[in-house]
Number of protein chains: 2
Amino acid sequence: MSMKFTLLGVDRKTRARLGLLETPHGSFETPVFMPVGTQATVKAVSPEELKEIGVHILLSNTYHLYLRPGPEIVREAGGLHPFMHWDGSILTDSGGYQVFSLAPLRSIGEEGVEFRSHLDGSRHFFSPEKVMEIQEALGSDIAMVLDECPPYPADYAYVRESGERTLRWAARCKTAHRLDGQALFGIVQGGIYRDLREHSARTLAEMDFPGYGIGGLSVGEPKPLMYEMLEYVTPLLPADRPRYLMGVGAPEDLIEGIARGVDMFDCVLPTRLARHGSALVPWGRLNLRNQQYARDFRPLDENCTCYTCQHYSRAYLRHLIKAEELLVHRLLSIHNLHYLVRLMDGAREAIRQGNFSAYRQRFYENWKGEE
Amino acid sequence: MSMKFTLLGVDRKTRARLGLLETPHGSFETPVFMPVGTQATVKAVSPEELKEIGVHILLSNTYHLYLRPGPEIVREAGGLHPFMHWDGSILTDSGGYQVFSLAPLRSIGEEGVEFRSHLDGSRHFFSPEKVMEIQEALGSDIAMVLDECPPYPADYAYVRESGERTLRWAARCKTAHRLDGQALFGIVQGGIYRDLREHSARTLAEMDFPGYGIGGLSVGEPKPLMYEMLEYVTPLLPADRPRYLMGVGAPEDLIEGIARGVDMFDCVLPTRLARHGSALVPWGRLNLRNQQYARDFRPLDENCTCYTCQHYSRAYLRHLIKAEELLVHRLLSIHNLHYLVRLMDGAREAIRQGNFSAYRQRFYENWKGEE
């Protein structure tokens with residue numbers, strides 16, 4: 001089988017949608033948050049722990065896996081799923097974003113993009129056809145087309161030119177894509193320019209992809225501008241296809257994305273915050289390095305049911321951070337992922353009951369921002 | 001209740017012993033290997049994973065916990081067990097070894113030892129009474145007396161003088177020790193000098209401790225010398241008390257220690273090897289950084305039943321190491337701890353059947369040494 005998306009319902013007052021996404025590696029409802037397993041592992045967390053948290057789909061990065069261990073090793077292992085011991089769904093990005101954000105000395109042409117590895121400086125070339133081949137070797141359930149993600153700010157002429165090339169690349173990806181059971185998503189670009197976003201969305205919609213990424217947002221632009229772009233784009237995408245807001249995962253952005261009709265999100269935020277000693281809680285973030293937690297024997301969040309909150313105190317977690325103990329990365333990642341997964345659970349339940357607005361309001365009532 | 005030790009049997013041809021150790025936090029048979037949770041965590045491994053591996057007792061380090069987070073915070077948490085979410089048994093060392101191996105600028109006198117913290121250079125003083133107080137705050141099941149661990153080599157006069165002071169400190173610890181339910185072990189010192197070792201063992205035996213550490217070995221002396229010292233010491237210790245060979249954990253040393261009547265061991269080796277990318281296997285060690293494992297899709301050990309070997313290949317583990325991914329510390333630690341725990345399981349079974357010699361012989365037949 002290949003991926004199948006069913007729109008189960010739409011919220012009454014917002015554009016929030018409840019959907020069912022079926023992939024060769026399992027079915028789950030949307031909106032959904034995808035933890036990031038950049039290098040074929042969600043940092044510090046085991047597949048069993050992800051399952052226990054309620055994770056159904058991960059994102060993994062084509063750019064990183066291409067460089068290390070290399071697609072041939074993953075192919076020989078039987079694909080990413082057996083390689084990393086994850087039998088749930090996997091979405092791989094195309095590597096485009098990483099080439100434009102991590103790799104030095106890149107040069108873009110019609111054919112593709114040449115770049116140097118950020119690891120050893122070696123030269124590489126990604127074309128639309130090449131990234132299809134790599135994602136085929138990875139064996140993900142959902143693959144993404146090669147796109148260029150322009151920086152913010154970028155001038156209109158550049159974003160237009162880049163966007164047109166990205167559309168031509170999308171068509172080439174579609175032609176080159178051949179792996180049975182793997183769905184290929186197009187990616188809407190267009191920077192912060194309404195007409196370019198709309199043109200990109202309309203053109204991709206005509207190309208009839210089974211799903212659509214919305215890229216090039218959360219790259220430095222003000223949040224209201226990101227939300228505005230979503231409002232232009234989502235109505236132009238087919239209602240019966242999932243929409244995936246790429247690289248977005250701050251709690252308030254998930255809420256605002258859902259309200260504007262987004263179905264899928266991914267972000268390194270929960271695991272990155274964990275490595276910096278921060279915990280996501282309904283009222284903001286706890287920075288456990290703060291002295292105030294040294295004798296605080298309460299869990300991170302007294303209402304949280306995650307493994308970490310069931311068994312460990314803020315004082316213990318702070319001790320592990322100060323002592324630079326590896327276990328704390330796991331414990332905080334589990335908590336942060338659990339928080340985002342529960343936030344999405346609640347969102348889906350609210351949409352099902354047609355009152356996502358009230359859910360959004362309660363979210364902001366609790367939210368006090370960062371420490 | 002306090003600790004209780006029952007000698008269940010002795011091997012026919014060697015001095016290997018099978019025992020039952022009962023503590024306020026559970027009962028288990030000896031010989032036993034104790035993983036090290038220096039800073040109130042076994043590096044990268046959760047308490048549930050330790051249980052699954054079959055671990056019943058951990059060691060934690062008084063010196064480290066005294067400096068960070070400090071004994072008062074652990075006391076307020078209700079002791080080490082709830083602080084670190086471990087309901088099995090815990091043995092704490094006295095901090096003596098760490099003061100003499102980690103702390104700079106120490107000065108030893110009859111009263112105790114002054115030292116500077118290896119973390120921030122602050123001044124501290126450990127007396128026998130002080131380390132009893134700290135271990136009381138930690139609430140371990142088994143505490144150790146303050147001892148001086150002389151370096152190797154050290155001359156006879158120094159080791160004799162140091163050993164006498166350590167015996168006086170042992171007596172002071174015994175007087176100061178007051179925590180109900182916590183057993184206090186004496187520590188045999190004496191370097192590599194037979195008469196000093198025998199004098200230490202005899203004197204401590206007369207002092208009637210519920211158990212005995214054997215310290216100051218595996219500090220650089222040749223292995224045959226360590227084994228020889230064990231042969232002098234163990235016959236002088238009461239047969240109905242457990243003997244604990246401190247800081248020893250290389251597989252061959254466990255085998256040789258057991259053969260000489262040792263009941264308990266601890267070592268950072270399995271978790272330290274893991275962090276260096278090495279796996280313990282019956283034929284030696286695998287260094288997973290080696291290129292030869294890049295496309296090796298077999299588990300670390302095809303006969304191993306640990307979580308890691310059930311689900312991950314050498315190629316994947318090598319990838320995680322090369323990519324510096326946190327998960328690999330956990331996966332290799334689980335495997336290495338599992339290996340040592342199973343090695344001890346097999347040893348106990350062999351002793352029970354009175355054929356530990358054959359078990360030792362099989363161990364060496366498999367063993368090919370390091371890569």
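**Salt bridges and the A–B interface**

D240(A) is partly exposed, with a relative accessible area of 43%. In this predicted model, D240(A) pairs up with R241(A) in a salt bridge whose closest N and O atoms sit 3.4 Å apart. That pair is just one of 54 salt bridges that turn up over all chains when the whole structure is searched.

Two more of these pairs are found in helix α14 of chain B. The side chains of R342(B) and D345(B) meet in a salt bridge, at 2.7 Å from N to O. Because these two residues are 3 apart in helix α14, about one helical turn separates R342(B) from D345(B). R342(B) counts as partly exposed, at 31% relative accessible area, and D345(B) is partly exposed too, at 26%. Further along comes R352(B), which forms a salt bridge with E349(B), the closest N and O atoms being 3.2 Å apart. Here again the partners are 3 residues apart in helix α14 of chain B, so about one helical turn lies between R352(B) and E349(B). R352(B) is partly exposed, with a relative accessible area of 42%, and E349(B) also falls in the partly exposed class, at 35%.

Next comes the place where the two chains meet. On the chain B side, 38 residues are in contact with 38 residues of chain A. About 3,300 Å² of area is buried between the two chains, and carbon and sulfur atoms give 57% of it. As for polar links, 20 residue pairs are in polar contact between chain B and chain A, counting pairs with both residues at pLDDT 80 or more. Which parts of chain B supply the side that touches chain A? Helices α1, α3, α4, α12, α13 and α14 of chain B each supply at least two residues. The largest share comes from α13(B), with 5 residues. Sorted by class, this side of chain B has 20 nonpolar, 7 polar and 11 charged residues.

Salt bridges also cross between the chains, and there are 6 of them. One links K43(A) to E325(B), with the closest N and O atoms 2.6 Å apart. Elsewhere, E49(A), R330(A), E49(B) and R330(B) are linked in a network of salt bridges. E49(B) itself lies in helix α1 of chain B. Is E49(B) buried or exposed? With a relative accessible area of 13%, E49(B) is buried, since the cut-off for buried is under 20%. Leaving aside residues up to four places away in sequence, E49(B) touches E49(A) and R330(A) from chain A, along with A44(B), R330(B) and I334(B) from chain B.

How do the two copies relate to each other? A rotation of 180°, with 0.0 Å of shift along its axis, superposes chain B on chain A at an RMSD of 0.0 Å. The two copies are therefore related as by a two-fold rotation axis. In chain B, the C-alpha nearest that axis belongs to L326(B), 3.8 Å from it. The same surface serves both copies, as 100% of the contact residues of chain B recur in chain A.

One last residue worth a look is D155(A), in the loop between β10 (142-144) and α7 (156-176) of chain A. At 51% relative accessibility, D155(A) counts as exposed. A polar atom of the D155(A) side chain lies 2.9 Å from the backbone nitrogen of Y158(A). R289(A), by contrast, is 134 residues from D155(A) in sequence and 41 Å from it in space, C-alpha to C-alpha.

Methods
Residues numbered from 1 in each chain as written. Chains lettered and ligands numbered in written order. Predicted model: local features only at pLDDT ≥ 70, side-chain atom pairs only at ≥ 80, totals over all residues. Heavy atoms only, no water. Contact = heavy atoms within 4.5 Å. Buried area = accessible area lost by both parts, 1.4 Å probe. Salt bridge = Lys/Arg side-chain N within 4 Å of Asp/Glu carboxyl O. Polar contact = N/O pair within 3.5 Å; in protein donor to acceptor, adjacent residues only side chain to side chain. Helix = DSSP H or I, 4+ residues; strand = E, 2+ residues; numbered from the N terminus. Nonpolar A, V, L, I, M, F, W, Y, C, P; charged D, E, K, R; others polar. Least-squares fit on C-alpha atoms with pLDDT ≥ 70 in both. Buried < 20%, exposed > 50% of the residue type's maximum accessible area, 1.4 Å probe, protein only.
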